[in-house]
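Reader: I should be grateful for a close reading of a single part of this model, the sheet, with its strand pairings and the helices that lie across it. Please add an account of the salt bridges afterwards.

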Amino acid sequence: MASHRRPKQPSRARVSLLTSVAAAAVAVSAQAANAAPSEKPTKDEVKSRVDKLYQEAEQATEKYNGAKEKQEKLQKEISAIQDNVARGQQELNELRDALGSVAAGQYRTGGLDPSVQLFLSSDPDEYLEKASTLDQLSGQQLEALKKIQEKQRELAQQRAEATAKLKDLSATRAELGKKKKEAQAKLAEAQRLLNSLTAEEKAKLQAEEARASRASSERVELGKSTPASGRAAAAFAAAQSKLGSPYVYGANGPSTFDCSGLTSWAYAQAGVAIPRTSEAQTNAGTRIYSMSQLQVGDLVFFFNDLHHVGLYAGNGQVLHAPRPGTVVRYESMNTIGGPFMFGVRV
């Protein structure tokens, strides 16, 4: 007959622990139910987040600009190589045609000389080695065959170079697309945050931006300091003529600009070619680390990664294209949002 054991009763300590856990769970649930929903960010908080997103978008934009500049350079180099290959192939064909004429003449006078038959073989390199060893070529014929060899080697090298550059171009285009998407994502997130504001909050932000832009246009004394050079003065004057032009990422004029687009465009108007990106522009001249030594027209760089650039306007002001949603304007160097790193006198 099977024995029946009485189930073991839980200990008093275990019952106490389970009771405490259950009570705590009920308390947490009650607190969660009664907790107020997360508060909507204030206008100033939204503006702070948006400004940060704009900085990140500008970083991606400068990388995009660099990839775009590299792409354009590679395309020009590839086009030049392809033109050289086409011309080289034509020269090679002419050399072969000349040998064909020699062969035809010898055929009409009584058949092909063995050396000319070798000229027309599919492997001139092998022929040259054999024929020169056997002394089967005249000096003129040997020179003609050497030219064919040299042209073939030159064309092979150029085709290999074009292939390598095409591969580099493909990688650069991929980087270009990646940075473009990255910048667009940052801008879209910033716009989503701005759209979360009330109509009154949006109006206040727009009024603040309008006041900043209007105040900048009233600063008529800024550019009266002695510029670094005649060309710097011309570049600064060109940038001044674009006050009020909208910031557009990746734009380099003449009606819209990003930060390095404005500076490169301005110096181009002065007859000076400087690189397209802010990072590359840091090497466009002599660096100046003291703000007190800056002169009107010098390039000025901000943030540790040097992703923002403008033109020094005198009196601690910079003339620049600040960020999306703004226009080309003057601004205090203390309100850029990132530290001044150094200037460059082009």
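Author: The account below takes up the sheet, then the helices lying across it, and finally the salt bridges.

The model is a predicted one. Its sheet is open and has six strands, which follow one another in the order β1-β6-β2-β3-β4-β5. The pairing throughout this sheet is antiparallel. In general terms, the strands of a sheet pair through backbone hydrogen bonds, in either a parallel or an antiparallel sense. Two strands form the edges, namely β1, spanning 286-288, and β5, spanning 329-332. Each of these edge strands has a pairing on one side only. From one strand to the next, the twist averages 40 degrees.

The pairings may be followed from the β1 edge inwards. Strand β1 is joined to strand β6, residues 340-345, by three bridges in the antiparallel sense. Within this pairing, Thr-286 has Arg-345 of β6 as its bridge partner. Strand β6 also pairs with β2, again in the antiparallel sense, and here four bridges are found. Phe-340 in β6 is the residue that stands opposite Phe-302. Strand β2, which covers residues 299-302, runs antiparallel to strand β3, residues 308-314, and four bridges join the two. One position in this pairing is Val-300, whose bridge partner in β3 is Gly-310.

Two helices lie across strands of this sheet. Helix α7, residues 230-240, lies across β3, β4 (317-320) and β5. The direction of α7 makes an angle of about 105 degrees with β3. Helix α8, residues 259-269, lies across β2, β3 and β4. Relative to β3, helix α8 runs at about 55 degrees. Strands β3 and β4 therefore appear in the list of strands crossed by α7 and in the list crossed by α8.

The salt bridges come next. Side chains of opposite charge can pair when their charged atoms come close. The structure holds 16 salt bridges, and some of them are described here.

Asp-44 and Lys-43 form one such pair, with their closest N and O atoms 3.2 Å apart. Asp-44 counts as exposed because its relative accessibility is 53%, over the 50% limit. Lys-43 counts as buried because its relative accessibility is 14%, under the 20% limit.

In helix α5, residues 139-195, Glu-154 and Lys-151 lie three residues apart, so about one helical turn separates them. Their side chains meet in a salt bridge with an N to O distance of 3.4 Å. Glu-154 has a relative accessible area of 35% and is partly exposed, whereas Lys-151, at 11% relative accessibility, counts as buried.

Helix α6, residues 199-217, contains Lys-204 and Glu-200, which are four residues apart and therefore separated by about one helical turn. The salt bridge between the side chains of Lys-204 and Glu-200 has an N to O distance of 3.8 Å. Lys-204 is partly exposed, with a relative accessible area of 43%, while Glu-200, at 56% relative accessibility, counts as exposed.

Finally, salt bridges also link three residues, Lys-47, Asp-51 and Arg-323, in a network.

Notes: Residues numbered from 1 in each chain as written. Predicted model: local features only at pLDDT ≥ 70, side-chain atom pairs only at ≥ 80, totals over all residues. Heavy atoms only, no water. Pairing = 2+ DSSP bridges. Axes fitted to C-alpha atoms, helices over the stretch in contact; angles between N-to-C directions. Contact = heavy atoms within 4.5 Å. Salt bridge = Lys/Arg side-chain N within 4 Å of Asp/Glu carboxyl O. Buried < 20%, exposed > 50% of the residue type's maximum accessible area, 1.4 Å probe, protein only.
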